[in-house]
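Here are some short exercises to work through with the coordinates open beside you. Try each task before reading its solution.

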Amino acid sequence: IKIWKTECTNDSNFKLNNKAKRNCGWIMLIPKRRTKQCTKNNVLKACPLSCGLCCADSKTFRFAIKNGKKKSCKWVKKKKSRTKINCKKNTVKVGCAETCSFCQSPL
């Protein structure tokens with residue numbers, strides 16, 4: 001399988017069949033979905049992280065904690081308690097795949 005990107009990141013602009021909520025994260029969360037979608041070249045190219053071609057935390061991913069402050073994967077990784085709490089959230093699991101041990105196996 002050829003990887004087109006130099007970084008292990010999903011294309012944040014990718015939408016499967018131009019449907020807003022059907023992005024790389026949506027594909028990544030359900031194994032059956034990955035099996036079906038990651039056989040398509042356009043999905044493999046746009047979603048290498050979701051399709052198991054590589055694994056890394058997103059350098060640009062940020063999420064809001066209870067006080068409204070935006071936090072990164074580095075912040076989550078610093079304490080085991082943060083990992084345990086925050087990695088239960090799907091958006092964090094996808095954005096911080098390496099930190100949350102949510103790396104996918106290649107199909």
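**Exercise 1. Work out the handedness of the link between Cys 38 and Cys 51, then place both cysteines in the chain.**

Solution. Start with the torsion: it is -80° about the S-S bond, and the link of Cys 38 and Cys 51 is left-handed. Next, locate the partners. Cys 38 sits in the loop between α2 (31-37) and α3, while Cys 51 belongs to the loop between α3 and β1; the pair, 13 residues apart, links distant parts of the chain. Keep in mind that this is a predicted model. Now check the bond itself: the sulfur atoms of Cys 38 and Cys 51 are 2.1 Å apart, and the two form a disulfide. Finally, look at the surroundings: Cys 38 and Cys 51 are both buried.

**Exercise 2. Determine the handedness of the disulfide of Cys 8 and Cys 54.**

Solution. First confirm the bond: the sulfur atoms of Cys 8 and Cys 54 lie 2.2 Å apart, within the 2.5 Å cut-off for a disulfide. Then read the torsion about the S-S bond, which is about 90°, so this disulfide of Cys 8 and Cys 54 is right-handed. The partners come from distant parts of the chain, 46 residues apart: Cys 8 from the segment before α1 (24-29), and Cys 54 from the loop between α3 (41-46) and β1 (63-64). As a last step, take the relative accessibility of Cys 8; because it is 13%, Cys 8 counts as buried.

**Exercise 3. Find which parts of the chain are tied together by Cys 73 and Cys 96.**

Solution. The sulfur atoms of Cys 73 and Cys 96 are 2.1 Å apart, and the two form a disulfide. Its torsion about the S-S bond is -90°, a left-handed link. Cys 73 is in helix α4 (residues 73-77) and Cys 96 in the segment after α6 (90-95), so the pair ties together parts 23 residues apart in sequence. Cys 73 and Cys 96 are both buried.

**Exercise 4. Write down the disulfide pairing of the chain.**

Solution. Begin with the count, which comes to 6 disulfides. Then number the bonded cysteines in sequence order; the pairing reads 1-6, 2-4, 3-5, 7-12, 8-10, 9-11.

**Exercise 5. Describe the surroundings of Lys 71.**

Solution. Place the residue first: Lys 71 is part of strand β2 (residues 70-71). Then test for a charge partner. Lys 71 is buried yet has no salt bridge, and the nearest side chain of opposite charge, Asp 57, is 15 Å away. Leaving aside residues up to four places away in sequence, Lys 71 touches Phe 61, Arg 62, Phe 63 and Ile 65.

How values were computed: Residues are numbered from 1 along each chain as its sequence is written. This is a predicted model: local features need pLDDT of at least 70, side-chain atom pairs count only at pLDDT 80 or more; totals for chains, interfaces and linings use all residues. Side-chain values use heavy atoms; hydrogens and water are left out. Helices (H or I, at least four residues) and strands (E, at least two) are DSSP runs, numbered from the N terminus. Buried means under 20% relative accessible area, exposed over 50%, partly exposed in between (1.4 Å probe, protein chains only). Lys and Arg count as positive and Asp and Glu as negative; His and the chain ends are not counted. A salt bridge is a side-chain nitrogen of Lys or Arg within 4 Å of a carboxyl oxygen of Asp or Glu. Contact means heavy atoms within 4.5 Å.
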